[in-house]
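Reader: Please give me a close look at one packed part of this structure. Then place that part in its surroundings. Keep it brisk.

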Amino acid sequence: MKAILLSVLAAGLLTATQTFAQETAPVDAAKKGQIIMSAQKMIVENAVQSPGLKTFTAALKQTGVSNTLASSGPFTVFAPTDSAFSAVPDAAQFVSAGNVTTLRKTLLHHVVTGKWTANDLQNAVNKGKGKTVLRTLTGQNLTVTKSGDQFVVADEKGHQAVVEFPDQAQKNGIVHVVSAVLMPK
């Protein structure tokens, strides 16, 4: 009887461990290696060393938003991946030198003042009965909700991005790496 009980407990523990590992695994483990962040560096310094954020980094420099993010902040940045930029219609034109004004506004639409960790977002979503609204540097809103265990960020046009890698600590704030480019009005 004791051996049967131990077998059942061991099987239950193994199943629970496997379930926990699956639920806490990154969305895409291959992408994780492309996001390289250090809490001792500023937002732009970290973005530059992250291979998965090359388009974001180039756009920051091209538009001068890198100067804003080089200040002490703190800022919360929802940083789109390279694949997020590639999914924008007419992506090459969107990130071109001829589109600096629109691109600048779009980048600033991904930045919120203050340091919003995943825990802070969760608390705000809970208080907001399932959502919270954050004001971006464009003066427009982003709405944060949860879908399962992931945060979803939506712009005022209804575009949505999933937070793929939350809580990337920075010297001057925090970065949440997102799956899509959010558009200002």
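Author: What follows starts with one pair of helices and works outward to the sheet. This is a predicted model: local features need pLDDT of at least 70, side-chain atom pairs count only at pLDDT 80 or more, and totals for chains, interfaces and linings use all residues. Residues are numbered from 1 along each chain as its sequence is written, and side-chain values use heavy atoms, with hydrogens and water left out.

The pair is helix 4 (residues 54–63) and helix 8 (residues 100–108). Helices (H or I, at least four residues) and strands (E, at least two) are DSSP runs, numbered from the N terminus. The two helices pack at about 115°, with axes 9 Å apart. Axes are lines fitted to C-alpha atoms, for helices over the stretch in contact; angles run from 0 to 180 degrees between N-to-C directions. The crossing is left-handed (the near helix is turned anticlockwise from the far one by less than a right angle).

Which residues make the contact? Helix 4 brings F56, A59, L60, Q62 and T63. Helix 8 brings V100, L103, R104 and L107. Contact means heavy atoms within 4.5 Å. Six of these residues are nonpolar, two polar and one charged. Here Ala, Val, Leu, Ile, Met, Phe, Trp, Tyr, Cys and Pro count as nonpolar, Asp, Glu, Lys and Arg as charged, and the others, Gly among them, as polar.

Now take helix 8 by itself. L103, T106, L107 and L108 are buried there (under 20% relative accessible area; exposed is over 50%, partly exposed in between; 1.4 Å probe, protein chains only). Their cover includes helix 4, helix 5, helix 6, helix 7 (91–94) and strand 2. K54 belongs to helix 4, and K54 is exposed, at 52% relative accessible area. The C-alpha atoms of K54 and P80 are separated by 10.0 Å, though the two residues are 26 apart along the chain.

Next, the core. The largest nonpolar core has 27 residues, and F56, L69, V77 and L107 have the most contacts inside it. Such a core is a set of buried Ala, Val, Leu, Ile, Met, Phe, Trp, Tyr and Cys residues joined through side-chain atoms within 4.5 Å. Helix 4 and helix 8 each give two or more residues to it, as do other elements including helix 5 (65–69), strand 1 (75–80) and strand 7 (173–178). Beyond its neighbours within four places in sequence, L69 touches I43, V44, L60, F75, V77, V111 and N172. Another core lies apart, with 15 residues, among them F78, L121, V153 and V178.

That leaves the sheet. Seven strands form an open, mixed sheet in the order 2-1-7-6-5-4-3. Two strands pair if DSSP finds at least two bridges between them. Strand 2 (111–113) and strand 3 (132–135) are the edges; each has a single partner, so one side of each lacks a neighbour in the sheet. The twist averages 30° from one strand to the next.

Strand 6 and strand 7 pair antiparallel over five bridges, and V163 has V178 in strand 7 as its bridge partner. Strand 5 and strand 6 also pair antiparallel, over three bridges. V153 stands opposite A161 in strand 6. Helix 9 (residues 118–127) lies across strands 3, 4, 5, 6 and 7, at about 90° to strand 4.
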